[in-house]
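Trainee: I would like to learn how to read packing, voids and backbone features from a model. Could we take one and go through it step by step?

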Amino acid sequence: MVSGFLDRVQAFYNKLDKMDKEREAALVWVLSAALVFGAVMVTGTLTSGFHLVDDWEFAKYVDWMTLENYSLWDCLREAVGFDITIRFRPLYYINRVLMAYVFGINLTAMSVVKAAEIVAALVALYYCARQMKCNMVYAALFSLTVMVGYQSPVWWKLGPQESYDIMMFAVGFFFLLKWLSAGKRRYAFVSLGAFFLMSVYKEPFILLLPFVGLYVLYDGMKGKRVTIPHLWETIRQRLPYLLTIGIIFAVEMFLILFVIGTNNYSYVGLDKGVTFDQYVQVWSKAAGSELKWYVRFGVLMGLILLTYWEHAKKLGWEILLAAAIILPQCVTYSKTALEERYILPSVLGYAFFFVVVGCRFRPLSGKRRIAYMLCLLLMLAAHGRVMLREAQYFTYRGESVRTMLESTLELVQGTDKKVLSCFSPNLEGNRTMYHWFRLHGYDEVFYWEEDEKKINRSFGPREDEQADYADIDVIVMYNEEDRHWCYEPSLDLTDFTERKCGTITMYIRNNQ
């Protein structure tokens, strides 16, 4: 029975491998687009609107360029100039300003662009695996293992940088593999360009550059003993590429460490104020929550590979390559552990070892290969369920925000009524209120400061202007369904009528 099943699986593999390249490309692009756009359309994330997080920046840039009469260049200079004093991600803000310039506050259009990035990332990752001699099934599993799971909010959230960066890494790595196999110089130039664009979009992806250099050495050392003469010969043959990658890495790390500084990376690195027990607690919690399926199935797949001990112990290079991706990310996020979008790019190392290396591990056969494949499929299924759950919450939250914004605007537009926003300490929520209402012709939003029990404007040219609570007509705040909820503002709501908008609650003064 098992033998017959294996024969059918092998026949399926053989049939796929005989598919011509044009049909394969069409199939991969169509299925990737159907998966991504199907997911964001069916779950509703594509049209879910503002979410009181990073999206407020789009409203701010449109505010600058329409109400404040900033030119595009002024807006770019202001956004990038401020960010470069605290972080190193210049291309990220260039991208965001240009998106606002082209689309305004049409977040649906921006979500389409975001989904297109994910499609391109899935396809490029697939072809990376194909270049590393995986069959079509394993190549698809590699791509999906990287992109599906707790990290999937990068498919629809407009703030995270990881979707663009994983796309650029995959493009750069694909052309690196093409250069290593074909030797055509143009592939090396495209690869280096993609890696550079990746590195100036978000800082943790800079840490993938040493892996790139190490992979170049790994490819050159195939079939050779690891000796100094062999290593030097490989370095000498590929010195221009290795030198360029090394210079990009060194210059960017120098800028971050000695020019920009690391004071604004509070979640990054080791900290003397954090005890060893606290690190253990954080990572134990992550291993039981957002990393749980990687841990559980990783242990099972590792044990299966260890049953071929004599062969498994020869995987030193492959383990080193996976560690070169995973360990720097674990150190970077040591205080918070890997969660949601921060699982990228470390999952690349996990997928490289368990999918790509597992695919090429020739001793793996029979029932153990079936069990190994089953682990990969079950892990993907578990992460698919997570992805759908997160998408549904995201949509629900977006619809809540939209209902609140539109309902509030309907009540106050064309009047002198005042709105009180109680989203602090989430200042992004308050900033969304400020810019969104300004863009819709209303500028009487005030903000509640819980610690000082004070109501003021907080933003804009009249930021110090205060208001009496008796003059407030509409109050908006999170309720316990929202993940940003952390307290109930100490306000007397007896003269207000409650109107629940999903994860947000409106309070409307009676007799309005």
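Trainee: What volume does the largest pocket have?

Mentor: Keep in mind that this is a predicted model. The volume of its largest pocket is about 1400 Å³. The lining is made up of 44 residues, and those closest to the centre are V53, D54, R341, Y342 and E428.

Trainee: Which helices each supply at least two residues of that lining?

Mentor: They are α3, α4 (72–83), α5 (90–103), α18 (366–412) and α19. Sorted by class, the lining comprises 20 charged, 19 nonpolar and 5 polar residues.

Trainee: Two of those helices, α3 and α19, also come up as a pair. How is a pair of packed helices described?

Mentor: Two numbers are used: the angle between the axes and the distance between them. Here α3 (residues 56–66) and α19 (residues 427–439) have axes that come within 9 Å and cross at roughly 35 degrees. The crossing is left-handed.

Trainee: Which residues of α3 and α19 meet?

Mentor: On the α3 side they are W56, A59, K60, V62, D63 and T66. The α19 side brings E428, R431, T432, Y434, H435, W436, R438 and L439. By class, the residues of this contact are 6 nonpolar, 5 charged and 3 polar. One of the α19 residues in the contact, E428, is also among the residues closest to the centre of the largest pocket.

Trainee: Next, the enclosed spaces. How many cavities of 30 Å³ or more are there?

Mentor: The count is 3. The largest cavity holds about 140 Å³ of space. It has 15 lining residues, with N95, M99, K114, L158 and Y201 closest to the centre. Two or more lining residues come from each of α5, α6 (107–131) and α8 (162–182). The lining splits into 9 nonpolar, 3 polar and 3 charged residues.

Trainee: What lines the second largest cavity?

Mentor: That cavity has a volume of about 60 Å³. Its lining consists of C422, F423, S424, P425, M477, Y478, H484, W485, C486, Y487 and P489. Of these residues 9 are nonpolar and 2 polar, with no charged residue.

Trainee: S424 and P425 are both in that lining. What kind of peptide bond joins S424 and P425?

Mentor: To read a peptide bond, look at omega. The bond between S424 and P425 is cis, with omega about 15 degrees. P425 sits in the loop between β1 and α19. A cis peptide bond also joins L344 and P345, where omega is about 10 degrees. P345 belongs to the loop between α16 (316–332) and α17.

Trainee: Which backbone angle should I check at L52?

Mentor: Check phi. At L52 phi is near 60 degrees, which is positive in a residue other than glycine. L52 is in the loop between α2 (21–42) and α3. K453 also has a positive phi, near 55 degrees, and is not glycine either. K453 lies in the loop between β2 (445–449) and β3 (454–456).

Trainee: Why does L52 count as buried, and why does K453 count as partly exposed?

Mentor: The class follows from relative accessible area. L52 is buried because its value is 0%, under the 20% cut-off. K453 is partly exposed because its relative accessibility is 46%, between the cut-offs of 20% and 50%.

Trainee: Where is S421, and what does it touch?

Mentor: S421 is in strand β1 (residues 418–421). With a relative accessible area of 0%, S421 is buried. Beyond its neighbours within four places in sequence, S421 has contacts with N430, M433, V445, F446, Y447, W448 and V476.

Trainee: And A351: is it buried or exposed?

Mentor: A351 is buried, because its relative accessibility is 0%. A351 is part of helix α17 (residues 346–360). Leaving out residues up to four places away in sequence, A351 touches F142, T145, V146 and V356.

Trainee: How far apart are A351 and K133 in sequence and in space?

Mentor: A351 and K133 are separated by 218 residues in sequence, while their C-alpha atoms are 15 Å apart.

Definitions and conventions:
Residues are numbered from 1 along each chain as its sequence is written. This is a predicted model: local features need pLDDT of at least 70, side-chain atom pairs count only at pLDDT 80 or more; totals for chains, interfaces and linings use all residues. Side-chain values use heavy atoms; hydrogens and water are left out. Axes are lines fitted to C-alpha atoms, for helices over the stretch in contact, and angles run from 0 to 180 degrees between N-to-C directions. Helices (H or I, at least four residues) and strands (E, at least two) are DSSP runs, numbered from the N terminus. A crossing is left-handed if the near helix is turned anticlockwise from the far one by less than a right angle, and right-handed if clockwise. Contact means heavy atoms within 4.5 Å. Ala, Val, Leu, Ile, Met, Phe, Trp, Tyr, Cys and Pro count as nonpolar, Asp, Glu, Lys and Arg as charged, and the others, Gly among them, as polar. On a 1 Å grid over the protein atoms alone, a cavity is a set of points where a 1.4 Å probe fits but cannot get out, and a pocket is an open set with protein on both sides within 12 Å along at least five of seven lines; lining residues have an atom within 4 Å of a point. Grid points are joined across faces, edges and corners, and a volume is the space filled by probe spheres set on the points. Buried means under 20% relative accessible area, exposed over 50%, partly exposed in between (1.4 Å probe, protein chains only).
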